[in-house]
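The following exercises concern empty space, ligand surroundings and residue exposure in a protein model. Each task is followed by a solution in steps.

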Amino acid sequence: MIGNLKLKSNLFLSPLAGYTNLPFRLTLREVGGLDLATTDLVNARSLIEKNPKAFKLIETCPADRPLAVQLFGSVPEEMRDAAIYLESVGIASVDITMGCPVKKVCRVGGGSAMMMELEKTQALVKGMVDAVNIPITAKMRLGWDDENITAPDLARALEGVGVAAIFVHGRTREQGFSGSVNLAGIRAVVQAVRSIPIIGNGDVTTPEAARMMIDETGCAGVSIGRGAFYNPWIFLHTRHYLETGELLPDPSFEERVRVMCRHLDLMVEVFGETHGCRMFRKVAPWYSKRFGPANEFNKSVVQLTGKAEFHEILENYIRWREQFLDESGGLRPNYRPPPLVSSFMQRESIPVPKGPVEVW
Ligand SMILES: Cc1cc2nc3c(=O)[nH]c(=O)nc-3n(C[C@H](O)[C@H](O)[C@H](O)COP(=O)(O)O)c2cc1C
């Protein structure tokens, strides 16, 4: 339960600005295991001013339920009015980004700067909670830096004003995306609140990593961002693993290709062929990371302009890839991509996709 919202899965999609759009969410939902998904962050003021870009960010459809919209902003009235509007159009919950250290967000007092100003934040959030019946949630990092681990205090303060759940990325702002996710830090947040669910986040790329995060922190669920790029099956496989203890086999190459094509179809449906294909240039290489050798594919797909061209690129690639296969059609062992390992399970980092990542 997140407030009054009963969910079928304790696995969540983390907001990834530029990526967690309607086509990606629908692709993940079709694969399964995911219930509450979120939009990219949306500027509250742009939304109430009915800016078309903000409206595109909250575009949804009946298959894309339940949906959370993530808001940023520091003007209490704007945040409140944006939440009221989102409730009126059937959005299931509203998330507030507090862990977003993008300069333009911090400058206006939103994002990580919020964590330094507890009382002001509490008042802003209370204004939203009081104005709507849908749950208001918050997403934060552990704090500004190691000396300022503010998430436990902020979480307790927000619970006091009615926040329904908190998503915690187990890193500080100073850390960026480097170093390991700090499970003890997430546990401190779990211990700081009385009863609301804390959702752990950061570097979960496998079902075992999700299990470990839950076991070691006591968090009620796990939110996954980049792991869903690599592996749209992560929600389905993790649900299965959490319920049965059984690890499902990796999807076949054919299944990965099928889902990738479906993702492109949805991109074209939502954004039109030209824009959808252009956007897919940065999406396809994430799928191909698990294809084995894929230079041929990547080289062509970064210039993609149309759907027919995509299928041509794909056919050529499938033929080229045959040289790496054994008699049964599987990748020969030395061409298989290495298994994914989370930072907190082994000291290895996962690549960060293109975007304003130096500031998130
Ligand atoms: C490209 C990119 C965009 C992101 N956009 C947002 C965002 O809009 N709002 C937010 O709260 N966090 C954002 N994040 C942070 C993620 O939601 C998440 O907390 C972080 O990536 C760690 O989780 P992961 O290891 O599962 O990806 C972004 C991260 C990346 C890499």
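The exercises below refer to this predicted model.

**Exercise 1. The second largest pocket**

Task: Determine the volume of the second largest pocket, and describe which residues and elements form its lining.

Solution.
Step 1. The volume of the second largest pocket comes to about 410 Å³.
Step 2. Its lining consists of 18 residues, and those closest to the centre are Thr206, Pro207, Glu208, Asp250 and Leu340.
Step 3. Two elements, helix 9 (207-217) and helix 11 (234-244), give two or more residues to this lining.
Step 4. Sorted by class, the lining of this pocket holds ten nonpolar, four polar and four charged residues.

**Exercise 2. The second largest cavity**

Task: State how many cavities of 30 Å³ or more are counted, then characterise the second largest cavity by volume and lining.

Solution.
Step 1. The count gives three cavities of 30 Å³ or more.
Step 2. For the second largest cavity, the volume is about 100 Å³.
Step 3. Around this cavity there are 14 lining residues; Leu13, Thr38, Ala68, Asp95 and Phe167 lie nearest its centre.
Step 4. Strand 1 (11-13), strand 2 (37-43), strand 4 (93-97) and strand 5 (136-143) are the elements that give two or more residues to the lining of the second largest cavity.
Step 5. The class composition of that lining is seven nonpolar, five polar and two charged residues.

**Exercise 3. The ligand surroundings**

Task: Identify the residues that come nearest to the ligand, and give the polar distances for alanine 17, threonine 97 and arginine 226.

Solution.
Step 1. There are 19 residues around the ligand, of which Pro15, Gln70, Asn201, Asp203 and Arg226 come nearest.
Step 2. Alanine 17 places a backbone N or O atom 2.8 Å from a ligand nitrogen atom.
Step 3. Threonine 97 has a side-chain N or O atom 3.3 Å from an oxygen atom of the ligand.
Step 4. In arginine 226, an N or O atom of the side chain is 2.8 Å from a ligand oxygen atom.

**Exercise 4. Glycine 179**

Task: Is glycine 179 buried, partly exposed or exposed, and where is this residue found?

Solution.
Step 1. Glycine 179 belongs to the loop between strand 6 (165-172) and helix 8 (183-192).
Step 2. Its relative accessibility is 46%, so glycine 179 counts as partly exposed; the class lies between the cut-offs of 20% and 50%.
Step 3. Neighbours within four places in sequence aside, glycine 179 is in contact with Arg171 and Ser343.
Step 4. Threonine 238 is 59 residues from glycine 179 in sequence, and their C-alpha atoms are 24 Å apart in space.

Key. Residues numbered from 1 in each chain as written. Predicted model: local features only at pLDDT ≥ 70, side-chain atom pairs only at ≥ 80, totals over all residues. Heavy atoms only, no water. 1 Å grid on protein atoms, 1.4 Å probe; cavity = no way out; pocket = protein on both sides within 12 Å on 5 of 7 lines; lining within 4 Å. Points joined across faces, edges and corners; volume = space filled by probe spheres on them. Helix = DSSP H or I, 4+ residues; strand = E, 2+ residues; numbered from the N terminus. Nonpolar A, V, L, I, M, F, W, Y, C, P; charged D, E, K, R; others polar. Buried < 20%, exposed > 50% of the residue type's maximum accessible area, 1.4 Å probe, protein only. Contact = heavy atoms within 4.5 Å. Near = heavy atom within 4 Å. Polar contact = N/O pair within 3.5 Å; in protein donor to acceptor, adjacent residues only side chain to side chain.
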